[in-house]
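Colleague: Could you pick one part of this model and take me through it closely? I'd like to see how it fits in with the rest of the chain.

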Amino acid sequence: MSAAASTLTAQAVRIGVDGRPEVIDLGTRESTGAAIRSAIGCRWFDVVRLTRDLDMWITDEGATLADAQVNVTATTIARVHGAIWQPFCGVAVFASHNGEGATVGLSEDVKDALLTGAFYRTSVIR
């Protein structure tokens, strides 16, 4: 990894099945995909695009595991923003995307909303 790549920051919020949010940096790994896989703890993952400013990255394997745990907080965030079709299992990572679809860090407002529970107000994250 080059020195320029190692200084890149893309702050995201990781929410474990215990509901506790933490800020992580997706720019510290060799790729965004590697950073997401490491943060979630999986091999296969997918994105749920919730708003123009918010993406939720989840494991594709979570619901199929024998000991699958629903991430109540991540499921609630998704449902507040219209993703009502299923519960989401396992760790979730919330990030944003640029106009070309590449994953980027969260804005301070969105990050703060996720950290403080303000995501329940849909007017905060659009």
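Modeller: Let's get the terms straight as we go: two strands pair if DSSP finds at least two bridges between them. The helices (H or I, at least four residues) and strands (E, at least two) are themselves DSSP runs, numbered from the N terminus. With that in hand, I'd pick the hairpin that joins β3 to β4 through 5 residues, and then follow the chain on into α3.

Some ground rules before that. This is a predicted model, where local features need pLDDT of at least 70, side-chain atom pairs count only at pLDDT 80 or more, and totals for chains, interfaces and linings use all residues. Residues are numbered from 1 along each chain as its sequence is written, and side-chain values use heavy atoms, with hydrogens and water left out.

As for how far to trust it, pLDDT is the predictor's confidence in each residue, from 0 to 100. The chain averages 82, and 82% of the residues score at least 70. Strand β1 (residues 11-15) has the highest mean pLDDT among the elements, at 95, while helix α1 (residues 3-7) has the lowest, at 43. Residues 1-7 have pLDDT below 50, and that stretch makes 5 contacts in the model beyond near neighbours in sequence. Where pLDDT is low, the predicted coordinates should not be read in detail.

The overall layout is 4 helices and 6 strands, running α-β-β-α-β-β-α-β-β-α along the sequence. Counting contacts (heavy atoms within 4.5 Å) with a separation of 6 or more, 52% are between residues 24 or more positions apart.

Now the hairpin itself. Strands β3 (residues 45-49) and β4 (residues 55-59) pair in the antiparallel sense, with 5 bridges. Val47 has Trp57 of β4 as its bridge partner. Thr51 sits in the loop between these two strands, and the residue is buried because its relative accessibility is 13%. By buried I mean under 20% relative accessible area, with exposed over 50% and partly exposed in between (1.4 Å probe, protein chains only). The side chain of Thr51 also makes polar contacts within the loop. A polar contact is a pair of N or O atoms within 3.5 Å; within protein, one must be able to donate a hydrogen and the other to accept it, and residues adjacent in sequence count only if both atoms are side-chain atoms. In this case the Thr51 side chain reaches the backbone nitrogen of Asp53 at 3.0 Å, and that of Leu54 at 3.0 Å too.

What packs against the pair? On one count, α2 does: the buried residues of this helix pack against β3 and β4, along with β1, β2 (21-25) and β5 (92-97). In α2 (residues 32-40) the buried set is Ala34, Ala35, Ile36, Ala39 and Ile40. Just after α2 comes Gly41, with a positive phi of about 80°.

Going on past β4, the loop towards α3 (72-80) holds Asn71. At 0% relative accessibility, Asn71 is buried. Asn71 caps the N-terminal end of α3, with a side-chain oxygen 3.3 Å from the backbone nitrogen of Thr73. Apart from neighbours within four places in sequence, the contacts of Asn71 are Ile15, Gly16, Val17, Phe88, Cys89, Gly90, Val91 and Ala92. Cys89 in that list is itself buried, with 12% relative accessibility.

The helix that Asn71 caps has Thr73, Ala74, Thr75, Ile77 and Ala78 buried. Those buried residues pack against β4, as well as β1, β5 and α4 (108-116). Gly82 follows α3, with a positive phi near 100°.

Since β1 turns up as a partner of both α2 and α3, here's one of its residues. Ala12 belongs to strand β1 and counts as buried because its relative accessibility is 0%. Outside four places in sequence, Ala12 touches Glu22, Val23, Ile24, Leu26, Val93, Phe94, Ala95 and Leu106. Its C-alpha lies 5.7 Å from that of Val23, 11 residues away along the chain.

One last bit on cysteines: Cys42 is buried at 12% relative accessible area. There are 0 disulfides in the structure, a disulfide being a pair of cysteine sulfur atoms within 2.5 Å.
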